[in-house]
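Notebook open, model loaded. I want to go through the empty spaces first, then the salt bridges, then a couple of single residues.

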Amino acid sequence: MKFTYQAYRDFLALLRECGYRFRNYRTYTDAARCVILRHDIDFSLEQAVRLAELEADAGVRATYFVLLRTDFYNPASRRGVAALRRIRSLGHETGLHFDEKAYAPELSPEELVQAIVRECGVLSALLETPVSTVSMHRPSKATLEADYRIPGVVNSYGKTFFREFKYLSDSRQRWREPVLDIVRSGAYNRLHILTHAFWYHETERSLRESVRGFVSSANRERWKQLEENFTDLGSIFREEDL
């Protein structure tokens, strides 16, 4: 499967053609054959919005998981909140993408659960809507095996979603298994699919090109941030001078 927007549209159509109904972490039980689409926003809110718009055009709803502790974007900024509200306005759910490595090492299970509940509360306040689903960012082996029960929060890494579903992921711009063949086979009634909006573009890019493009765009992004906070920036340094 190519990492282009058209290939992703075709993928959504294939899922529908093969009888899968799009559900979330709470509604999956009402369909005999279903797929949960999950997106972890690791690097770019803008690309997440682009994929969310594509899915909405296809009549598909997914869950977008947001990092609170990251150096790559600010979900509390004006633009960050606007992007996340745009995703929600398209009918998608926003959940918390929790990074345990942002905390002191060796959190106890109780401390980790408390941190997740606390971060869900912060994100809920930012978006002015309940946030009650979590996915793990770079989870430790202990976290993967823990099956944490979190008050008021669905754990997408719980055993239900990894034992009763076929889990497929495009991490590092590579599907570990032949995802299209698996969908066509109809061998699994429940699919749990993780895709990262960061990897998808109008035309296909290599892993190196995707990463290099993101790094190269940082200068333009920083200029835009300065323009919003620096009077008459263009008289000092213009965007076209980058």
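**Entry 1: the cavity**

I started with enclosed space, keeping in mind that this is a predicted model. With a cut-off of 30 Å³ or more, I get one cavity. I put its volume at about 60 Å³.

Which residues line it? I wrote down His 39, Asp 40, Ile 41, Asp 42, Phe 43, Ser 44, Ala 48, Tyr 64, His 196, Ala 197 and Phe 198. Strand E2, residues 34-41, provides the largest share of that lining, with three residues. Sorted by class, the lining holds six nonpolar, three polar and two charged residues.

**Entry 2: the largest pocket**

Next I looked at open space. The largest pocket holds about 1,000 Å³. I find 32 residues in its lining, and those nearest the centre are Glu 46, Phe 72, Phe 214, Ser 217 and Glu 221.

Which element gives the most to this lining? That is H8, with twelve residues. H2, helix H3 (78-89) and H8 are each good for at least two lining residues. The class split here reads ten nonpolar, twelve polar and ten charged.

**Entry 3: the second largest pocket**

I noted a volume of about 470 Å³ for the second largest pocket. Its lining runs to 25 residues, with Asp 42, Phe 43, His 137, Arg 138 and His 196 closest to the centre. E2 and H8 are the elements that give two or more residues to this lining. By class I have twelve nonpolar, five polar and eight charged residues.

Some names come back from Entry 1: Asp 42, Phe 43 and His 196 sit in the cavity lining and are also among the residues closest to the centre of this pocket. H8 comes back too, since it supplies residues to the lining of the largest pocket and to that of the second largest.

**Entry 4: salt bridges**

How many salt bridges does the model have? I count 14. I followed up three of them.

The first pair I looked up is Glu 93 with Arg 26, whose side chains meet at 3.5 Å, N to O. Glu 93 is in strand E4 (residues 93-98) and Arg 26 is in the loop between strand E1 (21-23) and E2, so this bridge ties together parts 67 residues apart in sequence. Buried or exposed, I wondered, for Glu 93? It counts as buried, at 15% relative accessibility. Arg 26 is partly exposed, with a relative accessible area of 41%.

Then I went to Glu 202 and Arg 50, where the closest N and O atoms are 3.1 Å apart. Glu 202 sits in the loop between strand E8 (190-195) and helix H8 (207-227), while Arg 50 belongs to helix H2 (residues 45-57), so the pair links parts that are 152 residues apart in sequence. Glu 202 comes out as exposed at 55% relative accessibility, and Arg 50 as partly exposed at 24%.

My last pair is Glu 164 with Arg 190, also a side-chain salt bridge, at 3.1 Å from N to O. Glu 164 lies in the loop between helix H6 (159-163) and strand E7 (166-169), and Arg 190 lies in strand E8, so the parts tied together are 26 residues apart in sequence. Both ends are partly exposed: Glu 164 has 46% relative accessibility and Arg 190 has 22%.

**Entry 5: Arg 38**

I went back to E2 for Arg 38, which is found in that strand. Its relative accessible area is 0%, so I log Arg 38 as buried, the cut-off being under 20%. What does its side chain pair with? I find a polar contact of 2.9 Å between the side chains of Arg 38 and Tyr 157.

I also listed the contacts of Arg 38, leaving out neighbours within four places in sequence: Tyr 25, Thr 63, Phe 65, Ser 135, Met 136, Ser 156, Tyr 157, Tyr 167, His 192, Ile 193, Leu 194 and Thr 195.

**Entry 6: Leu 107**

Where is Leu 107? I located it in the loop between E4 and helix H4 (109-127). Leu 107 is partly exposed, with a relative accessible area of 27%. I then took the C-alpha separation to Phe 72, 35 residues away along the chain, and got 24 Å. Phe 72 is one of the residues nearest the centre of the largest pocket, back in Entry 2.

Terms used: Residues numbered from 1 in each chain as written. Predicted model: local features only at pLDDT ≥ 70, side-chain atom pairs only at ≥ 80, totals over all residues. Heavy atoms only, no water. 1 Å grid on protein atoms, 1.4 Å probe; cavity = no way out; pocket = protein on both sides within 12 Å on 5 of 7 lines; lining within 4 Å. Points joined across faces, edges and corners; volume = space filled by probe spheres on them. Helix = DSSP H or I, 4+ residues; strand = E, 2+ residues; numbered from the N terminus. Nonpolar A, V, L, I, M, F, W, Y, C, P; charged D, E, K, R; others polar. Salt bridge = Lys/Arg side-chain N within 4 Å of Asp/Glu carboxyl O. Buried < 20%, exposed > 50% of the residue type's maximum accessible area, 1.4 Å probe, protein only. Polar contact = N/O pair within 3.5 Å; in protein donor to acceptor, adjacent residues only side chain to side chain. Contact = heavy atoms within 4.5 Å.
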